[in-house]
Each structure stands twice: as structure tokens, then as C-alpha cells.
Amino acid sequence: MEKIIEKADVLIEALPYIKTFKQKVVVIKFGGSMLLNDDVRTGILQDMVFLSFVGIRPVLVHGGGPIINQRMKASGIQPQFVDGLRVTNKKSVPIAIEALSDLNKQIVKEIRQLGGETKGLDETRKILKVKRHGLFKTIGYVGEISLVDKRPIIKLINRGCIPIIAPVGVIQSGKTNYNINADDVSAHIACSLKAEKLVLLTNVSGIIRNTEQGGSLISTLHVSEVETLISHKIIQGGMIPKIKAAMLSLESGVKKVHIIDGRIKHSLLLEIFTDKGIGTEIVRDK
């Protein structure tokens with residue numbers, strides 16, 4: 001009986017959050033090694049289906065790094081990165097686009113198997129318009145978003161569907177597809193939809209201070225603290241694009257950004273529906 005009561009208590013704790021976030025858009029980004037772990041991936045998708053069923057409007061932006069790496073290596077191309085951004089040359093860009101398209105279809109299939117309503121928006125939908133990245137000569141066919149066509153996304157949201165968005169854009173002056181950093185995509189999607197939250201799922205517990213001494217989680221980070229943490233290399237590597245995504249989102253009206261460990265079972269539900277939450281929340285200065 002006690003265990004049953006505990007379950008009821010959990011539901012009651014979630015009730016005010018369900019009321020607060022009902023009909024609100026929550027943009028979720030996940031990728032990395034989590035994509036290759038069936039249990040972790042299924043848990044994240046289950047959470048998204050749950051959010052949809054209680055009236056919250058999740059939008060998923062997925063990466064595809066490990067899968068792209070596998071296919072590049074199989075083609076004799078060694079993956080390279082600059083400041084957390086993938087170097088994508090003329091030979092590797094079609095490999096990346098194909099991998100992302102295949103993954104998009106796989107995620108759609110798995111959500112449907114879990115009972116969710118969903119539709120994929122991959123490179124064929126051309127909802128992301130890009131220009132060449134400022135580091136084009138170094139990183140190649142990587143785009144910077146110049147425009148988001150949000151109409152197909154809003155249509156799906158209004159139908160109760162979960163949009164699944166691949167990080168692929170088309171250059172506005174032509175037909176060439178460009179790879180885009182998925183963190184950057186998630187930020188622009190969140191901005192265009194005026195999302196309540198942006199949640200970046202990663203394979204670490206959040207932003208960690210003093211990693212040499214065992215580390216301590218920074219549970220709340222204000223925008224004004226970011227540059228100092230970057231200069232002290234507390235934020236570095238692949239975390240930099242995530243922080244830039246967070247900053248862009250907050251500047252454009254998204255209320256909160258969360259960086260959480262997607263490997264924790266039901267991490268999305270813990271972050272959104274419990275008093276304490278997990279990971280690092282990034283907020284504007286008061």
C-alpha cells in the first residue's frame with residue numbers, strides 16, 4: 001500500500017507543472033552516444049510521448065554525430081571538429097545528410113510504436129534556410145541558420161503531432177544541403193516557436209565546476225557568468241555550442257534552458273515535473 005501511495009504522491013507533485021506547461025511548446029534536443037543506446041533512446045522517446053499525452057507540446061531536434069562518424073569512417077574519412085563543430089567537406093556532406101535522414105525516419109517509427117503521433121521533418125522539407133558558416137574555409141559545408149519556416153512545425157503541433165527535426169538546411173541561393181549543428185538548430189526552433197523551454201540532453205550531468213577535484217554541478221547559471229566560465233575553460237569543447245544555443249534562446253524570449261543528463265531514466269520527466277529537477281538550468285539575469 002505504501003508504494004501505491006508514493007506513486008500517487010508523485011502524480012500530485014506533477015500536477016501543478018502539468019497545469020503550468022499545458023499547451024506550451026518545449027523544444028528538446030538529443031544526440032551523441034545516446035542515439036546508439038537503445039534503452040536510453042527509448043526512455044527519452046517515452047518521456048516525449050508522455051508529455052504529448054498530458055497536453056504539453058514537445059518538438060524534437062536530433063543530432064546524429066556517432067552515426068555520421070561511423071559512416072564517414074566506413075568511407076575512409078576521418079571525422080574532424082573545430083570548436084565542437086563538425087568539419088564537413090564536399091565528399092562527406094552527402095554522407096552526413098543521408099545518415100540524418102535515416103535516423104529521422106527511425107525516430108518517427110519508434111515514437112509511433114510507443115503510441116505517439118509524430119512526423120519527421122528532414123532535408124526534403126527544407127524548413128531551415130542557411131548561409132555559409134563564418135568558418136566556411138575551415139569547416140566546409142556547415143550552415144548558419146538565416147530563416148526558419150515554422151509553418152509546417154506549427155501545423156503538426158496543432159494536430160497534436162510531435163515534430164522530429166533533422167539538423168539539415170538548404171542554402172538560400174541554391175539547392176545545396178548543409179549540415180547544421182543540432183544545438184544551433186534547437187535554439188532557432190525554440191526562438192521561432194516562442195517556446196517555454198529548451199532542453200538540451202547530453203551525456204554529462206550538466207555544467208561542472210572544478211572537474212579536477214571531483215567536480216560540482218552548477219545547478220543554476222546566469223547569462224552574465226557564461227563568459228567567465230568559458231575563459232576559465234569550465235565550459236569548453238562540445239559544451240560551447242550548447243551554451244551559445246542557450247544564450248540565443250534566452251535573448252529571444254525562451255524562459256529557461258536546461259542542460260541535463262539524458263542517460264538518467266526519465267530525465268525529461270524529472271526535470272519538468274519535479275520540484276528539484278536535475279542538471280543545469282540557464283536563466284537570464286534578474
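In these exercises, contact means that heavy atoms lie within 4.5 Å of each other, and helices and strands are DSSP runs numbered from the N terminus. The structure is a predicted model.

**Exercise 1. Helix α3 and what covers it**

Task: Find which residues of helix α3 are buried, and name elements that cover them.

Solution. Begin with the helix itself, which spans residues 65-74, and look for residues with under 20% relative accessible area, the cut-off for buried. Pro66, Ile67, Ile68, Asn69 and Met72 of α3 are buried. Next, look at what lies over these residues: the cover includes the strands β3 (81-82) and β4 (85-86), together with the helix α4 (93-113). Finally, follow the chain beyond the helix, where α3 is followed by Gly76, a residue whose phi is positive, near 80°.

**Exercise 2. Two packed helices**

Task: Describe how helix α7 and helix α9 pack, and decide whether they are roughly parallel or roughly antiparallel.

Solution. Two packed helices are described by the angle between their axes and the distance between the axes. For α7 (residues 182-193) and α9 (residues 239-251), the angle is about 10° and the axes are 8 Å apart. Because angles under 35 degrees count as roughly parallel, α7 is roughly parallel to α9. The residues that make this contact are Asp183, Asp184, Ala187, His188, Ala190 and Cys191 on the side of α7, and Pro241, Lys242, Ala245, Leu248 and Ser249 on the side of α9. Sorted by class, the contact between α7 and α9 has 6 nonpolar, 2 polar and 3 charged residues.

**Exercise 3. The two pockets**

Task: For the largest pocket and then the second largest pocket, state the volume, the residues closest to the centre, and the element that gives the most to the lining.

Solution. Rolling a probe the size of a water molecule over the atoms shows where empty space is left. The largest pocket has a volume of about 650 Å³. Its lining is made of 31 residues, and the closest to its centre are Lys29, Gly32, Gly65, Asn181 and Lys242. At least two lining residues of the largest pocket come from each of α3, β4, α7, β11 (197-202) and α9, while the largest share, 4 residues, belongs to α3. The class count for the lining of the largest pocket is 14 nonpolar, 13 polar and 4 charged.

Now turn to the second largest pocket, which holds about 360 Å³ of space. Here 18 residues form the lining, and Leu85, His133, Glu144, Asp184 and Lys244 lie nearest the centre. The elements β7 (143-148), α7 and α9 each supply at least two lining residues of the second largest pocket, and α9 gives the most, with 5 residues. By class, the lining of the second largest pocket divides into 10 nonpolar, 4 polar and 4 charged residues.

**Exercise 4. The cavity**

Task: State how many cavities of 30 Å³ or more the structure has, and describe the lining of the largest cavity.

Solution. A search of the whole structure finds 1 cavity of 30 Å³ or more, and the largest cavity holds about 40 Å³ of space. Its lining is formed by Leu121, Asp122, Glu123, Lys126, Ile127, Leu128, Ala166, Val168, Gly169, Val170 and Asn177. Strand β9 (residues 168-171) provides the largest share of the lining of this cavity, with 3 residues. Divided by class, the lining of the largest cavity has 6 nonpolar, 2 polar and 3 charged residues.

**Exercise 5. Three single residues**

Task: Classify Leu200, Ser267 and Arg209 as buried, partly exposed or exposed, and place each in its element.

Solution. Leu200 is found in strand β11, and Leu200 counts as buried because its relative accessibility is 0%. Not counting residues up to four places away in sequence, Leu200 touches Lys29, Asp183, Ser186, Lys242, Val257, His258, Ile259 and Ile260. Leu200 and Gly262 are 62 residues apart in sequence, yet their C-alpha atoms are 8.5 Å apart in space.

Ser267 belongs to helix α10 (residues 267-273), and with 1% relative accessibility Ser267 also counts as buried. Leaving aside neighbours within four places in sequence, Ser267 is in contact with Asp47, Leu201, Ile260, Asp261, Gly262 and Ile278.

Arg209 lies in strand β12 (residues 208-209). Its relative accessible area is 30%, so Arg209 is partly exposed. The C-alpha atoms of Arg209 and His232, which are 23 residues apart along the chain, are separated by 10.0 Å.

Key:
Residues numbered from 1 in each chain as written. Predicted model: local features only at pLDDT ≥ 70, side-chain atom pairs only at ≥ 80, totals over all residues. Heavy atoms only, no water. 1 Å grid on protein atoms, 1.4 Å probe; cavity = no way out; pocket = protein on both sides within 12 Å on 5 of 7 lines; lining within 4 Å. Points joined across faces, edges and corners; volume = space filled by probe spheres on them. Nonpolar A, V, L, I, M, F, W, Y, C, P; charged D, E, K, R; others polar. Buried < 20%, exposed > 50% of the residue type's maximum accessible area, 1.4 Å probe, protein only. Axes fitted to C-alpha atoms, helices over the stretch in contact; angles between N-to-C directions. Parallel < 35°, antiparallel > 145°, perpendicular 65-115°, else oblique.
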